[in-house]
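Reader: I'd like to practise reading a fold, starting from one residue and working outwards. Can you walk me through it?

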Amino acid sequence: MMVEENLDEYFMSEAIKEAKKAEELMEVPIGAVLVMEDRIISRAYNLREREQNAVAHAELIAIEQACREIGSWRLEDATLYVTLEPCPMCSGAIILSRVKRVVYGASDPKGGCAGTLMNLLQDDRFNHQSEVTKGVLESECGQLLSDFFRGLRERKKLEKQRRNEKGIIDLQ
């Protein structure tokens, strides 16, 4: 049996593989895996753009798949590994599905609700709290996002230059 730190890194590397699948689809590269008894029971990545669905976050998809897999909405013995700190919506789903533990890679200064902007996952006013471990493979997770958004900005800049060269007026 691997020690917990090595297990966390192993499962986070699996979440990173999911994030890379999102990136291939030009989705924000966020991936998640949900683990029970040291076994991955669901895998997911962001699909918001492809599905044009605001709630198609990696965490929600992974939770939904896991509930189907085990035949219960209660994920009391589960650990969710996600490459980016959960947002308010995903944190709510984590609480409602009773996920025991959340492990995330990169912090989210604009939407993180597992300790950065607020900590919904450990607020004792709710009937469930999750253990939180942050910063697992943080640099790899953060680099995926940085590279993606840098590339997106570069593509938009090139697109704008091409429109200007063709004499198309940009009204933005």
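Reader: Where does Asn46 lie?

Author: Keep in mind that this is a predicted model. Asn46 lies in the loop that runs between strand 2 (39–45) and helix 2 (48–51).

Reader: Is Asn46 buried or exposed?

Author: The cut-off for buried is under 20% relative accessible area. Asn46 comes in at 6%, so it counts as buried.

Reader: And what does the side chain of Asn46 reach?

Author: The backbone nitrogen of Ala58, at 3.0 Å. Leaving out neighbours within four places in sequence, Asn46 is also in contact with other residues, including Ala22, Glu27, Val28, Ile30 and His57.

Reader: Let's move to the sheet. In what order do the strands come?

Author: Read the order across the sheet, then look for the edges. Here five strands form an open sheet in the order 2-1-3-4-5, with mixed pairing. Strand 2 and strand 5 (131–134) are at the edges with a single partner strand each, so one side of each has no neighbour in the sheet. From one strand to the next, the twist averages 15 degrees.

Reader: How do strand 1 and strand 3 pair?

Author: They're antiparallel, over five bridges. Ala32, for one, stands opposite Val82 in strand 3.

Reader: Which strands does helix 3 lie across?

Author: Strand 1, strand 2 and strand 3, and helix 3 runs at about 140 degrees to strand 2.

Reader: What about the largest nonpolar core: how many residues does it have?

Author: It has 48 residues, and among those with the most contacts inside it are Met12, Leu34 and Ile63. Helix 3 gives the most to this core, seven residues.

Terms used
Residues numbered from 1 in each chain as written. Predicted model: local features only at pLDDT ≥ 70, side-chain atom pairs only at ≥ 80, totals over all residues. Heavy atoms only, no water. Helix = DSSP H or I, 4+ residues; strand = E, 2+ residues; numbered from the N terminus. Buried < 20%, exposed > 50% of the residue type's maximum accessible area, 1.4 Å probe, protein only. Polar contact = N/O pair within 3.5 Å; in protein donor to acceptor, adjacent residues only side chain to side chain. Contact = heavy atoms within 4.5 Å. Core = buried A, V, L, I, M, F, W, Y, C linked by side-chain atoms within 4.5 Å. Pairing = 2+ DSSP bridges. Axes fitted to C-alpha atoms, helices over the stretch in contact; angles between N-to-C directions.
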